[in-house]
Amino acid sequence: MIESRVLLLERGGSPYGNQNISNLATFTNTITDASPTSPAQRFVSEDGVVNTRARVFGGGTCLNGRFYTRASPDDVQRSGWDLDLVNRSCEWVEKVMVFKPQMLQWQSAVRDGLLEVGVLLTGQR
């Protein structure tokens, strides 16, 4: 038997007890907070898009806008990944973890904005 050990280090503090993380009503305040103690961190992607990522234990699953999307088949193939395996993995995630929530005002506004700029919603259930 091969014994292995893994040390996982995540940067940031504990999200537990931080109401800005656990309360959806303060989500916007959380992702726009640029202070050094914020659970979110702004960054600019390689293609110049300003974005926000989590700066807490648990990473992006701890701090997210409750959106789920699949990468396009072209993006998957460009990355060198196996498209069939990616599709099967996405299907598992969708079956186990993803659900269609009630569309609240801010979610509807984001959806409508994405549609307005040409981002199509595919695979809706």
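**Close-up views of helices H3 and H4 and of three salt bridges**

**View 1. A salt bridge within helix H3 of this predicted model.** Asp75 and Arg78 stand 3 residues apart in helix H3, which means that about one helical turn separates them. Their side chains meet in a salt bridge, with 2.3 Å from N to O. Asp75 counts as partly exposed, at 38% relative accessibility, whereas Arg78, at 62%, counts as exposed because the cut-off for that class is over 50%.

**View 2. The length and the two sides of helix H4.** Helix H4 comprises the 14 residues 83–96, which should span 20 Å at 1.5 Å a residue, and its end C-alpha atoms are indeed 20 Å apart, in agreement with that expectation. The buried residues of H4 are Val86, Cys90 and Glu94. These residues cover an arc of only 70° around the axis, so they lie on the same side of H4. They pack against helix H3 (73–78), while the face turned away from the buried side carries the exposed residues Trp92 and Lys95.

**View 3. The N-terminal end of H4 and a salt bridge within the helix.** Asp82 caps this end of H4, with a side-chain oxygen 3.0 Å from the backbone nitrogen of Asp84. Asp84 also forms a salt bridge with Arg88, in which the closest N and O atoms are 3.1 Å apart; the two residues are 4 residues apart in H4, about one turn of the helix. Arg88 is partly exposed, with a relative accessible area of 48%, and Asp84 is likewise partly exposed, at 47%.

**View 4. The salt bridge of Arg111 and Asp112.** The side chains of Asp112 and Arg111 meet at 3.1 Å, N to O. Asp112 is partly exposed at 40%, and Arg111 is partly exposed at 26%.

Definitions and conventions
Residues are numbered from 1 along each chain as its sequence is written. This is a predicted model: local features need pLDDT of at least 70, side-chain atom pairs count only at pLDDT 80 or more; totals for chains, interfaces and linings use all residues. Side-chain values use heavy atoms; hydrogens and water are left out. The expected span of a helix is 1.5 Å times one less than its number of residues. Buried means under 20% relative accessible area, exposed over 50%, partly exposed in between (1.4 Å probe, protein chains only). The arc is that of the directions from the helix axis to the C-beta atoms. Contact means heavy atoms within 4.5 Å. A polar contact is a pair of N or O atoms within 3.5 Å; within protein, one must be able to donate a hydrogen and the other to accept it, and residues adjacent in sequence count only if both atoms are side-chain atoms. A salt bridge is a side-chain nitrogen of Lys or Arg within 4 Å of a carboxyl oxygen of Asp or Glu.
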